[in-house]
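I opened this entry to note how the strands and helices of one structure are arranged. I begin with the sheet and then turn to the helices that pack together.

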Amino acid sequence: MLKPTLAALLAPFCYCVPLAAQEVPGWTLHELPGAAVTVLAVAYEAGYDLDAPGECGACRVVVECRLERARAAVPGTKASGVHVDGGAVVAFVMVEGDRWQQALQFVLALQDQQVPLSDDVIARVAARTALVADDAEWLYPGEVLASSSRRALWAGTPLAHSLVGAPLALQALSVARVRELLKLPTARRGLGLGALPPALGAELAKVELATGPWRLAGPAANPVAAPAKGLETIGNPRTDAVFLTAAFAVPPEVDRAALALLLEVARVRALRTLPPRREEALARAPRIAWSWLHGDPVVLCTRRGSYGPSMDRPQKELERLLADLRERPVSAEELAKAAQAVDFELSLPPWSDERKAAMAAAPGALPGRAITILLAERRGIAAGATAAVTVDSVAQTLAMTLAPGRASWFAVVPTTTLTSPLPGGGR
């Protein structure tokens, strides 16, 4: 009997790397038969956690400038945009499938320093980014709480920054500095999805991508979080009710697959016991906030109170939700449903023919799918990563992450009579 080859032994574990990825260095290509569009996305080694001290948010200015440059050089694309989080920046373009050359030219323009970019455009991008960061600092209670908890729980580390950049730092960012940052060769990975003719693969092989390992970003690079803190309040004259958050720093060593399933169970339980309120959605304050894909360093559990400054009711509701998680172990049935939900949300390759057909029939969702795949690679998330999670590992993760002594409390509280409603206001 012939002994199996090493390749044969490893084959079951290599299904996440398509043949096309091996043929085009730096690129992963996923063709979808029947797709009417071509999506190309590029991931950069950048993010809010990786920005230089005093420049948090510069990464978004840089990628938005790249996008402006590419849009000017290649007008008329079907869609284009960016995603930015703590440790990843992704730019994408979508075109009609028979116009794939347009997508290729767009990606080249993202990288090409010779494509003109005026000082006025750079200044406008920086101002726009600063405005978005300012909104996250005080306009949307959920984002205010996320920023405050990051700064408090990860003080002294690169994670101690506002959610989407520091407004004052962005206002001070000079055009000359942005031009310096634009010269850095940070593009690491590329991805193609949809209609991908062979000629496109040949051309993508010529697109220069930076080499070398990704820099660490997030808790793995900053292993010490601050101890839990007492209540911190943030006054705001434009809200008419308290938004209260129990925040937990994510331990670097925690099993993130188990944490993802635990928090999915928490979301389901919260829907049953604490129905969401319209004001919370407007305030960008979900009941349970944490993203595996984004590598969030904090878990937030948030509740809006009744009209007025009292926080007794939301605190009791959150404590009841957390006590339920601690005292009523996650069941095997809950775990299975959570794994199914998380796996469906990720939908990482390889895909069945039926799934490919469904994706091809929904072209508008393909840019988001491309971003998800690149973020998953950045975070080391593989297809089937939830399969190894057990009830016991979820219990261990809960004890490590959501123990009572690890909770820090933050609240946005009304300070004056409401005259102009804040998102998430109302009565």
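Before looking up which residues stand opposite each other, I noted that two strands pair if DSSP finds at least two bridges between them. I also noted that this is a predicted model, and I read each entry below with that in mind.

**Sheet.** I looked up the strand order first and found an open sheet of five strands, ordered β1-β5-β2-β4-β3, whose pairing is mixed. I then asked which strands stand at the edges. They are β1 (27-31) and β3 (79-84), and because each has a single partner strand, one side of each is left without a neighbour in the sheet. From one strand to the next, I recorded a twist that averages 15°.

**One strand pair.** I followed the edge strand β3 to its partner and found that six bridges join β3 to β4 (residues 89-96), the two strands running antiparallel. Within this pair, I located A79 opposite M94 of β4.

**Helices on the sheet.** I next looked for helices against these strands, and noted that α3 (residues 58-73) lies across β2 (37-44), β3 and β4, with a direction at about 170° to β3. I noted too that α15 (residues 366-379) packs on the sheet and touches β1, β2, β3, β4 and β5 (187-194), while its direction makes about 140° with that of β5.

**Helix against helix.** For the next two entries I kept in mind that two packed helices are described by the angle between their axes and the distance between the axes.

I found that the axes of α5 (residues 119-138) and α8 (residues 175-182) come within 10 Å and cross at roughly 95°, which means that α5 is roughly perpendicular to α8. In this contact, D119, I122 and A123 of α5 meet V175, V178 and R179 of α8, and I sorted the residues into four nonpolar, no polar and two charged.

I then turned to α10 (residues 256-273) and α13 (residues 332-346), which pack at an angle of about 105° with their axes 9 Å apart, so α10 is roughly perpendicular to α13. On the α10 side I listed A260, L261, E264, V265 and R269, and on the α13 side E334, L335, A338, A339, A341 and V342. By class, I have eight nonpolar, no polar and three charged residues in this contact.

**Rings.** How many aromatic pairs does a search of the whole structure find? I recorded zero. I did find the charged end of R284 over the ring of Y140, at 3.7 Å from the ring's centre.

Definitions and conventions
Residues are numbered from 1 along each chain as its sequence is written. This is a predicted model: local features need pLDDT of at least 70, side-chain atom pairs count only at pLDDT 80 or more; totals for chains, interfaces and linings use all residues. Side-chain values use heavy atoms; hydrogens and water are left out. Axes are lines fitted to C-alpha atoms, for helices over the stretch in contact, and angles run from 0 to 180 degrees between N-to-C directions. Helices (H or I, at least four residues) and strands (E, at least two) are DSSP runs, numbered from the N terminus. Angles under 35 degrees count as roughly parallel, over 145 as roughly antiparallel, 65 to 115 as roughly perpendicular and the rest as oblique. Contact means heavy atoms within 4.5 Å. Ala, Val, Leu, Ile, Met, Phe, Trp, Tyr, Cys and Pro count as nonpolar, Asp, Glu, Lys and Arg as charged, and the others, Gly among them, as polar. Rings of Phe, Tyr and Trp (its six-membered ring) pair if their centres lie within 6.5 Å; planes under 30 degrees apart count as stacked, over 60 as edge-to-face and the rest as tilted. A charge sits over a ring if NZ of Lys or CZ of Arg is within 6 Å of the ring centre and within 35 degrees of the ring normal.
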